[in-house]
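Student: Hey, can you walk me through this one? I'd like to know how the pieces touch.

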Amino acid sequence: MTIEVSDAQLVGRCRAGEPAAWNELVQRFSRYVYAIAVRAYRLPEHDAEDVFQEVFARAYQRLGSLRDDRAIRPWLAQLTRNACVDRLRSAAREQPSDEPPAEEADAVLEQLDEALDVHEGLRGLSDDCREILDRFFARDESYRTIGDALDLPAGTIASRISRCLDKLRERLEGRRMASDPS
Amino acid sequence: MVPHDAEGLGELLSLLPPAPPGWVQAAQELPAARLGLDEIVERARADAAFRASLVAGLEDALAAAGYEPSAELLDALRTRLPELG
């Protein structure tokens with residue numbers, strides 16, 4: 001189990017110049033920025049890579065201008081959207097492209113926000129659960145691959161996944177009740 | 001709204017695969033790259049000829065001085081040194 005550092009605390013540490021905090025911030029939001037580029041805006045990998053680097057470079061330069069440290073996630077989402085739209089418009093000037101309609105991108109972004117909430121819930125689970133759920137769902141690894149990597153019998157993976165999902169669900173429900181006691 | 005069922009949770013987890021490790025590493029190394037930026041800014045402030053060459057042609061001057069004129073570096077330099085335009 002890891003000690004949870006809030007997004008706002010992490011931003012504060014980055015602003016104070018802690019290199020480890022910047023590493024953690026990039027790690028924490030890298031999937032989110034990547035998914036916005038490739039899922040919401042369907043950028044090809046080479047464009048997505050440029051957007052990814054541009055977003056974190058801008059975030060690093062402008063972190064001091066963020067008014068509310070808790071708003072790091074929507075701020076990064078907005079930086080990523082802007083970078084994706086710029087990239088698509090620039091590409092469209094050279095050749096017509098199939099830019100996803102704004103409403104479609106917004107719907108995917110909403111889903112990605114929910115996905116990040118769930119992913120953040122993983123931080124409160126044991127290392128074993130976090131690893132097994134991430135490997136199976138996010139990395140799309142087979143039972144055999146997971147079993148080999150974690151030195152577990154492949155036949156036990158499905159039941160472990162099920163148990164870990166239950167723990168994740170309990171954790172997310174606990175967080176929801178804590179934030180909405182009514 | 002985060003779903004309550006296992007299937008819904010699994011689907012959401014599958015939406016966030018890891019970004020390629022090389023991309024993550026490059027973004028994590030930005031503070032170190034920033035040191036290069038600080039070096040250029042310091043030199044531009046101390047060395048009038050270097051500053052004039054940056055104003056005359058930013059990309060060429062950086063390349064001539066041995067720096068990779070990436071879009072991020074150009075953007076950051078224009079922010080730090082508004083006289084570069």
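Tutor: Sure. First, what "in contact" means: two residues are in contact if their C-beta atoms, placed from the backbone, lie within 7 Å. Also keep in mind that this is a predicted model.

Student: Ok, so how many residues of chain B are in contact with chain A?

Tutor: On chain B there are 24 residues, and they are in contact with 36 residues of chain A.

Student: Which elements give two or more residues to chain B's side?

Tutor: Helix H1 (6-14), H2, helix H3 (30-46) and helix H6 (71-80) of chain B. H1(B) has the largest share, with six residues.

Student: And what is that side like by class?

Tutor: Chain B's side that touches chain A has 17 nonpolar, five polar and two charged residues.

Student: Let's zoom in. At what angle do H2 of chain A and H2 of chain B pack?

Tutor: About 145°, and their axes are 9 Å apart. The crossing of H2(A) and H2(B) is right-handed.

Student: Which residues meet there?

Tutor: From H2(A), you have A:Trp22, A:Asn23, A:Val26, A:Gln27 and A:Ser30, and they meet B:Val24, B:Ala27 and B:Gln28 in H2(B). By class, that contact has four nonpolar, four polar and no charged residues.

Student: New topic: inside chain A, how do H6 and H7 cross?

Tutor: Roughly at 145°, with the axes of H6 (residues 127-138) and H7 (residues 143-150) coming within 10 Å. H6(A) passes H7(A) in a right-handed crossing. A:Glu131, A:Ile132, A:Arg135 and A:Phe136 of H6(A) make the contact with A:Ile146, A:Ala149 and A:Leu150 of H7(A).

Student: What's the class count there?

Tutor: Between H6(A) and H7(A), five nonpolar, no polar and two charged residues.

Notes: Residues are numbered from 1 along each chain as its sequence is written. Chains are lettered from A and ligands numbered from 1 in the order in which they are written. This is a predicted model: local features need pLDDT of at least 70, side-chain atom pairs count only at pLDDT 80 or more; totals for chains, interfaces and linings use all residues. Axes are lines fitted to C-alpha atoms, for helices over the stretch in contact, and angles run from 0 to 180 degrees between N-to-C directions. Helices (H or I, at least four residues) and strands (E, at least two) are DSSP runs, numbered from the N terminus. A crossing is left-handed if the near helix is turned anticlockwise from the far one by less than a right angle, and right-handed if clockwise. Ala, Val, Leu, Ile, Met, Phe, Trp, Tyr, Cys and Pro count as nonpolar, Asp, Glu, Lys and Arg as charged, and the others, Gly among them, as polar.
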